[in-house]
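Morning, everyone. Let me put the sequence and the structure up, and then we'll walk through it.

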Amino acid sequence: MDPRGYPIIAVIPQGPGEEDYGALSEQRKLVLATYDLCAVCALPFRDELRWQVTFDDQLQQMGEKPTFNEAPVHEVCALYAAQVCPFVSSPHARLGDSQRKGQRRAETLTLAGFTRTATVFGQDSELQVGKGILMFEMAELRGTHRLTGADDARDAYEAALRDEARIDPDDAERRVIDILCTPTPEGEDSGPVMAGAAWFIGAAFCPQIRQVQAMKRFAEAKDDLYFQIAANFLDKPDMMAEWEDASDASTAAAVSWFHTRESVPAVLRQWRADGARRVRDVRGRRPRPASATAVVPRDEAAIRRRRDAEAALRKARRRKR
Ligand SMILES: [Zn+2]
């Protein structure tokens with residue numbers, strides 16, 4: 001459990017194997033980017049800084065538009081992770097994966113806090129050719145923590161805990177977080193189903209998303225289903241309200257979340273604006289991305305089904321604790 005009482009989701013509990021782990025983590029990154037959630041505690045950022053991990057003088061070399069292959073985290077979550085991270089806690093740790101095996105570890109871990117995530121896009125991986133991954137471009141560096149050992153990490157963590165702002169997710173955010181942090185009823189990671197729902201509400205328009213191999217199941221779906229639904233949502237926003245009653249918990253949660261936002265997080269807003277430029281309806285008109293929609297009659301039976309599904313999720317989660 002992390003300091004905010006949520007299970008650490010950056011570590012996948014039951015990864016079937018290395019390759020699948022990579023796919024799961026890309027799908028989770030897409031979900032985190034869509035809902036603007038922290039990669040450690042899964043709570044929203046609100047107006048807190050978004051922190052990324054760098055080594056030695058890497059940050060200075062990253063230029064005007066620093067991009068990272070990990071989703072950002074809260075300050076207190078970054079400092080918590082730093083204490084349990086082998087780079088910091090064990091002085092002789094080495095980089096473990098096959099490509100980097102044997103290299104000397106970095107001397108300094110620099111945590112960098114940015115005001116905002118500028119954009120999220122797909123890009124070919126430097127480590128694995130042909131396997132596109134999601135990149136997070138960060139903007140407006142506001143602070144750093146330079147950590148050279150476990151004591152630094154602990155002191156900074158304790159200071160951050162004292163200043164920590166409480167984050168209370170609203171009901172729609174809570175539903176998204178609950179699903180993300182709970183295995184599916186079949187005992188599988190919820191990342192893939194949540195990523196599909198994220199496509200529907202606008203992640204389909206993330207630049208170069210189709211180059212990310214983990215998104216293949218969505219990119220190559222029959223009739224380009226995920227993209228077409230996303231395009232429909234842009235074009236016919238009142239259709240979204242009906243989907244709030246979808247029997248699939250991830251889709252219902254995604255649409256309810258979207259529908260109840262006063263403003264959509266900047267990254268998703270940008271994806272949807274990009275989408276609106278690309279998509280045309282049958283008359284050749286561009287859709288206008290809307291964040292609020294008309295109210296339509298509710299399907300009470302579907303609401304009951306969804307509530308049952310959510311209750312089952314909560315039960316599964318309690319069992320896991
Ligand atoms: Zn966090």
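**The sheet, the helices and two loop residues**

Start with Phe-68: its bridge partner in E4 is Phe-136. Before going on, a word on the source: this is a predicted model, where local features need pLDDT of at least 70, side-chain atom pairs count only at pLDDT 80 or more, and totals for chains, interfaces and linings use all residues. Residues are numbered from 1 along each chain as its sequence is written, and side-chain values use heavy atoms, with hydrogens and water left out.

Now the names. Helices (H or I, at least four residues) and strands (E, at least two) are DSSP runs, numbered from the N terminus. Two strands pair if DSSP finds at least two bridges between them.

So, the sheet. It is open, with 4 strands in the order E1-E3-E4-E2, and the pairing is antiparallel. Which are the edge strands? They are E1 (50-55) and E2 (67-68), each pairing on one side only.

Take the pairs in turn. E2 and E4 run antiparallel and are joined by 2 bridges. E3 (residues 109-124) pairs with E4 (residues 132-147) over 14 bridges, again in the antiparallel sense. Look along that pair. Leu-109 stands opposite Leu-147 in E4. Thr-119 has Glu-137 of E4 as its bridge partner. Phe-121 stands opposite Met-135, also in E4. On the other side, E1 and E3 are antiparallel and joined by 6 bridges. There, Gln-52 has Ala-112 of E3 as its bridge partner.

One general reminder: in a regular strand the side chains alternate between the two faces of the sheet.

Is E3 enclosed or open to the outside? Of its 16 residues, 12 are buried (under 20% relative accessible area, 1.4 Å probe, protein chains only), so E3 is largely enclosed by the rest of the structure.

Next, helix H2. H2 lies across E1, E3 and E4, and runs at about 90° to E4. Axes here are lines fitted to C-alpha atoms, for helices over the stretch in contact, and angles run from 0 to 180 degrees between N-to-C directions.

H2 also has a helix partner. H2 (residues 75-84) packs with H4 (residues 150-163) at an angle of about 155°, with the axes 9 Å apart. That makes H2 roughly antiparallel to H4; the label applies to angles over 145 degrees.

Which residues make the contact (heavy atoms within 4.5 Å)? From H2, they are Glu-75, Val-76, Leu-79, Tyr-80, Ala-82 and Gln-83. From H4, they are Ala-153, Arg-154, Ala-156, Tyr-157, Ala-160 and Leu-161. By class, that gives 9 nonpolar, 1 polar and 2 charged residues. For the classes, Ala, Val, Leu, Ile, Met, Phe, Trp, Tyr, Cys and Pro count as nonpolar, Asp, Glu, Lys and Arg as charged, and the others, Gly among them, as polar.

Last, two loop residues. Ala-42 sits in the loop between H1 (18-35) and E1. Its phi is near 70°, a positive value in a residue other than glycine. Ala-42 is buried, at 0% relative accessible area.

Gln-208 is in the loop between H6 (191-201) and H7 (216-219). Phi of Gln-208 is positive too, near 55°, and this residue is not glycine either. Buried or partly exposed? Gln-208 is partly exposed (between 20% and 50%), with a relative accessible area of 40%.

Key. Angles under 35 degrees count as roughly parallel, over 145 as roughly antiparallel, 65 to 115 as roughly perpendicular and the rest as oblique. Contact means heavy atoms within 4.5 Å.
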